[in-house]
Amino acid sequence: MTVLTIPTTPFDDQKPGTSGLRKQVSVFQGKHYLENFVQSIFDTQPELRGGTLVVGGDGRYYNRQAIQTILRMAAANGVASCLVGQGGILSTPATSCVIRKHATAGGIILSASHNPGGPNGDFGIKFNTANGGPAPEKVTEAIYARTREIEEYRILDSEDIDLDTLECFTLGDMHVEIIDPVADYAELMAEQFDFEAIRELIAGDFRMAFDAMHAVTGPYAKEIIENRLGAPAGTVMNGTPLEDFGGGHPDPNLVYAAELVAKTVGDDAVDFAAASDGDGDRNMILGRDIFVTPSDSLAILAANATAFPAYKDGIPGVARSMPTSQAADRVAEKLGIECFETPTGWKFFGNLLDAGRIAFCGEESFGTGSAHVREKDGLWAVLAWLNLLAVRREPVKDIVHAHWAEYGRNYYSRHDYEGVDKAGADTLMNELRGRLDELVGVELDGMRVAYADDFAYTDPIDGSVSHNQGIRIGFEDGSRIVLRLSGTGTVGATLRLYIEAYEAEPAKQQQDTQQALARLIGIAEQVAFIRRHTGREQPSVIT
Ligand code: VG1
Ligand code: CO
């Protein structure tokens, strides 16, 4: 088999966003597009030469073709061996687990996460480093810089390999092993949680549902929740990964997982329901008649960390992304542990986890995780809740209400304006940024602004600084409005408005979220002119 060196020219749009490079499938199918990006990874990550690389994806359309290309290029670039998920399947957290367990040099994950799939949907690729986590900014910047000057790529002239049989192959000089995508991950989960207690809970009259949304977690959830924990067959809904996710939007929120949400209300409601996203790193937690916001979920899990065998001695600290509600901060304060506020994106938690400064971290965008891997982990969060329910033996709703009574409630909501005009969204942010100084001390609808800034973060471990991470407007009573533009979309721009208000008084903790936040939502419009700049009367998704 010969190594071909193919001349190419740079693309100008291969800058990774919040979580890797995401584009429409048709863009990735363009000549040299995938190859340029992959070669840029190999060119900037010398430890892959002679090392082991993990490769897998969420099973979406183009996953298999991309894997074949990546394997041929890995062989041509001197990678010694590749571990590939059977059928091309590996969830994002499972990839992180495999990288860490087998001490590999890194991994390539093919996913556009919660974005729709299929020939007309999105595709994505991201590189994870040897710690199992998403490449930090200095690595993604080096890869991007390389894509701007690339002149050639290397690829083996070879046939496709069989991705479906658990076997070993050689491809040129490279060893390829097709691995069971679930085994290592399931074993790790069994170490983290009290499976015996969860089995007992499930064997009783407890009823639950899990929606895999036709995405990657189906096989993981069936093995863990049905086979190992004994939930009845059918507990896992939409459990077969499909290339187009059954035409759905594999985003576990109240809008896109409506079928699951419906199971949590009414006379026949289940006690617990959960869902995860395209690549298995997000989670949604529901109880009978209650949706647990991801921000509350992080705070509640942190407050109950000692219920989990892996953290029975407590946790050193927690971290949350900046727009995530401050509920976790209150728990950290009470526990006397460290609390960090990082920019949006899991890559910012990596250093803190590696340094042992934090054990739990989360994002408002349905992301929760711990030090067991270096990615957010949807099924981990589901199992954590099951473990907690097995210990507490109370309804989800009671656990949440008791938490609010003790720590106060952070009313929280995110309003997304998806696919709006990019120029309008940029103008909105730029104009607001220009007015931040004048806002401080001003009273808006009876609420005084305590601070208004453009969030910047200095990593406490390596000192790297990230600017322009979102606009924060904080009020004297602790309420906040945050605005930022999405870094994962592929068409136009998506404006995210995050709204948070704190309520200490238990008697006032049972209001409707949108009503409780109505005044702040009005203030956001008053300062940012969202309607004028986006041309939208309403957000497209409210969570
Ligand atoms: C969104 C979320 C962010 C998350 C990212 C990747 O990014 O807001 O919290 O880390 O998606 O999640 P953005 O830039 O669109 O707001 V996933 O499940 O797509 O890997
Ligand atoms: Co995801």
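This report walks through the ligand site, the metal site and the cysteines of a predicted model.

## Ground rules

Local features need pLDDT of at least 70 and side-chain atom pairs count only at pLDDT 80 or more, while totals for chains, interfaces and linings use all residues. Residues are numbered from 1 along each chain as its sequence is written, chains are lettered from A and ligands numbered from 1 in the order in which they are written, and side-chain values use heavy atoms, with hydrogens and water left out.

## Around ligand 1

Ligand 1 has 19 residues around it (a heavy atom within 4 Å), and T18, S113, S365, G487 and T488 come nearest. Sort that shell by class and you get 10 polar residues, nine charged and no nonpolar. Here Ala, Val, Leu, Ile, Met, Phe, Trp, Tyr, Cys and Pro count as nonpolar, Asp, Glu, Lys and Arg as charged, and the others, Gly among them, as polar.

Three arginines make polar contacts (N or O atoms within 3.5 Å) with oxygen atoms of the ligand. For R484 the distance is 2.6 Å, R496 also sits at 2.6 Å, and R22 comes in at 2.9 Å.

## The cobalt site

Ligand 2 is a cobalt ion, and its protein donors (N, O or S atoms within 2.8 Å of the metal, or 3.2 Å for Na, K and Ca) are S113 through OG and D277, D279 and D281 through OD. They lie 2.0 to 2.1 Å from the ion. Water is not among the atoms, so the site may look incomplete.

Along the chain, the donors follow the spacing S-x163-D-x1-D-x1-D. D279 and D281 are both buried (under 20% relative accessible area; exposed is over 50%, partly exposed in between, with a 1.4 Å probe and protein chains only). S113 turns up here as a donor and also among the residues nearest ligand 1.

## Cysteines

How many disulfides are there? Zero, taking a disulfide as two cysteine sulfur atoms within 2.5 Å. C168 can't bond because its closest cysteine sulfur, in C82, is 12 Å away. C339 is in no disulfide either, with the sulfur of C361 nearest at 11 Å. Both are partly exposed: C168 has a relative accessible area of 47%, and C339 has 31%.

Definitions and conventions: Polar contact = N/O pair within 3.5 Å; in protein donor to acceptor, adjacent residues only side chain to side chain.
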